[in-house]
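The following exercises invite the reader to locate residues, judge their burial and trace their contacts. Each task is followed by a solution in steps.

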Amino acid sequence: METLIYLGITLLKIVAVIIPLLAAVAYFTLAERKIIGFMQIRIGPHRVNFDIIPGLRHLRGFGQPIADSIKLMFKEIIIPTNANRFLFVFAPVLSLAPALAAWAVIPFAEGWVVADINAGLLYILAMTSVGVYGIIIAGWASNSKYAFLGAMRSAAQIVSYEIAMGFALVGVLMAAGSLNLSDIVLAQQGSVLHWYWLPLFPLFAIYYISSVAETNRAPFDVAEGESEIVAGFHVEYSGMLFAVFFLAEYANIILVSALAVLMFCGGWLSPFEGTFLQPLFAWVPNIFWFLAKVSVFMFSFLWLRATFPRYRYDQIMRLGWKVFIPITIVWIVVVGIAVLAKLPPWFV
């Protein structure tokens, strides 16, 4: 009986995380179109409204993600004649599932986590690494030269920047002395100046740029260079199978944003903690700070896309292998020396 109760509670936790996450992914697509439209002096989606709900009449285009979902559900899924049917269908699932499974160890506030495991960071790195297999399988199973070339470019880029991202996070776990995400957040207790973004700023910058490259977002979206290889690894996909790849991309953006907040920006901790402003904001729930910080990082992804042009592929690979990886290795040594010497902010 106790086992059934435990399983039931765990299932409720999973549903409580996955349902809001999928809604956030859907409306993140709308936010991207509206925000980039604003930056380019356009309106963006504004036709599909909830006119029947009085309070939502002024939110023009608020129903667009729902309309897009319904449209994609009824579109025909075309599978190429010589494609591997099982792998062709399985590849999108393999891309989305790890992005959702990684949220099992993400703490939204103190104690607000599905599974508070000691090796939480290692689990996230393992989950994010699995997603690249979905891209490779999609390109190969499509039996298309264009899709295969796109898959190879995407996989090479993701693997390259995953190394730099992993090294950047190694510096954080050395500073915190733990692989548990909750412990890493608690090690940053204090005001905004006590968070790891300041003493580990080079690692923070490398992590952020690497996360943009790993999610194949502009200006590193060479996998979708329309003038070169059409749409990349998912060029043969349509309907809901294409939509799953789309969801996986945006779910990964939210995931790497949440991880950046936890590792470098104090997680659910208030930026006013330990300052004279702390009593004024004591009523604000911790989860609000976490969601607000994640939203800032998500907005920055959209800002980058609207600002920078696409880089050449050789420039991207050179940046990852010849610049980021050497810098992260040097900073890991620096952090190790600082921790051993008990220098601030790791004086214990």
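**Exercise 1. Two residues of one helix**

Determine in which helix serine 154 is found, whether serine 154 is buried or exposed, and which residues distant in sequence serine 154 touches.

*Solution.*
Step 1. In this predicted model, serine 154 is found in helix α5.
Step 2. The relative accessibility of serine 154 is 0%. Buried means under 20%, so serine 154 counts as buried.
Step 3. Once residues up to four places away in sequence are set aside, serine 154 touches Ile135, Asn216, Ala223 and Phe233.

Carry out the analysis for glutamine 157: in which helix is it found, and with which residues is it in contact?

*Solution.*
Step 1. Helix α5, which covers residues 145–176, contains glutamine 157.
Step 2. Glutamine 157 has a relative accessible area of 0% and is therefore buried.
Step 3. Beyond the neighbours within four places in sequence, the contacts of glutamine 157 are Ala213, Asn216, Phe220, Val222, Tyr313, Ile316 and Met317.
Step 4. Asn216 appears in the contact list of serine 154 and also in that of glutamine 157.

**Exercise 2. The packing of two helices**

Describe how α3 and α9 pack: at what angle, at what distance between axes, and through which residues?

*Solution.*
Step 1. Helix α3 spans residues 85–101, and its axis is 8 Å from that of α9, with an angle of about 20° between the two.
Step 2. Angles under 35 degrees count as roughly parallel, so α3 is roughly parallel to α9.
Step 3. The crossing in which α3 passes α9 is left-handed.
Step 4. On the α3 side the contact is made by Phe88, Val89, Ala91, Pro92, Val93, Ser95, Leu96 and Ala99. On the α9 side the contributors are Leu241, Val244, Phe245, Leu247, Ala248, Ala251, Asn252 and Leu255.
Step 5. Sorted by character, the residues of this contact comprise 14 nonpolar, two polar and no charged.

Now consider leucine 96 of helix α3: is it buried or exposed, and which residues does it contact?

*Solution.*
Step 1. Leucine 96 has a relative accessibility of 13% and so counts as buried.
Step 2. Not counting neighbours within four places in sequence, leucine 96 is in contact with Val244, Leu247, Ala248 and Ala251. These four residues are among those that α9 contributes to the helix contact.
Step 3. Leucine 96 is also 8.0 Å from glutamate 249, C-alpha to C-alpha, although 153 residues separate the two in sequence.

**Exercise 3. Salt bridges**

How many salt bridges does a search of the whole structure find?

*Solution.*
The search finds seven. Three of the pairs are worked through below.

Which parts of the chain does the pair of glutamate 249 and arginine 217 tie together?

*Solution.*
Step 1. The closest N and O atoms of glutamate 249 and arginine 217 are 3.1 Å apart, and the two residues form a salt bridge.
Step 2. Glutamate 249 belongs to helix α9 (residues 239–264), whereas arginine 217 lies in the loop between α7 (201–214) and α8 (226–229), so the pair ties together parts that are 32 residues apart in sequence.
Step 3. Both partners are buried: glutamate 249 has a relative accessible area of 18%, and arginine 217 a relative accessibility of 3%.

Locate the partners arginine 310 and aspartate 221, and state the burial of each.

*Solution.*
Step 1. The side chains of arginine 310 and aspartate 221 meet in a salt bridge, at 3.0 Å from N to O.
Step 2. Arginine 310 is in the loop between α10 (286–307) and α11 (313–340), aspartate 221 is in the loop between α7 and α8, and the two are 89 residues apart.
Step 3. Arginine 310 counts as partly exposed at 37%, whereas aspartate 221, with a relative accessible area of 13%, is buried.

Where do aspartate 314 and arginine 318 lie?

*Solution.*
Step 1. Aspartate 314 and arginine 318 both lie in helix α11, four residues apart, about one turn of the helix.
Step 2. Their side chains form a salt bridge at 3.4 Å, N to O.
Step 3. Each counts as partly exposed: aspartate 314 at 33% relative accessibility and arginine 318 at 43%.

Which residues are joined into one network by salt bridges that share partners?

*Solution.*
The network consists of Glu32, Arg217, Glu249 and Arg305.

Key. Residues are numbered from 1 along each chain as its sequence is written. This is a predicted model: local features need pLDDT of at least 70, side-chain atom pairs count only at pLDDT 80 or more; totals for chains, interfaces and linings use all residues. Side-chain values use heavy atoms; hydrogens and water are left out. Buried means under 20% relative accessible area, exposed over 50%, partly exposed in between (1.4 Å probe, protein chains only). Contact means heavy atoms within 4.5 Å. A salt bridge is a side-chain nitrogen of Lys or Arg within 4 Å of a carboxyl oxygen of Asp or Glu. Axes are lines fitted to C-alpha atoms, for helices over the stretch in contact, and angles run from 0 to 180 degrees between N-to-C directions. Angles under 35 degrees count as roughly parallel, over 145 as roughly antiparallel, 65 to 115 as roughly perpendicular and the rest as oblique. A crossing is left-handed if the near helix is turned anticlockwise from the far one by less than a right angle, and right-handed if clockwise. Ala, Val, Leu, Ile, Met, Phe, Trp, Tyr, Cys and Pro count as nonpolar, Asp, Glu, Lys and Arg as charged, and the others, Gly among them, as polar.
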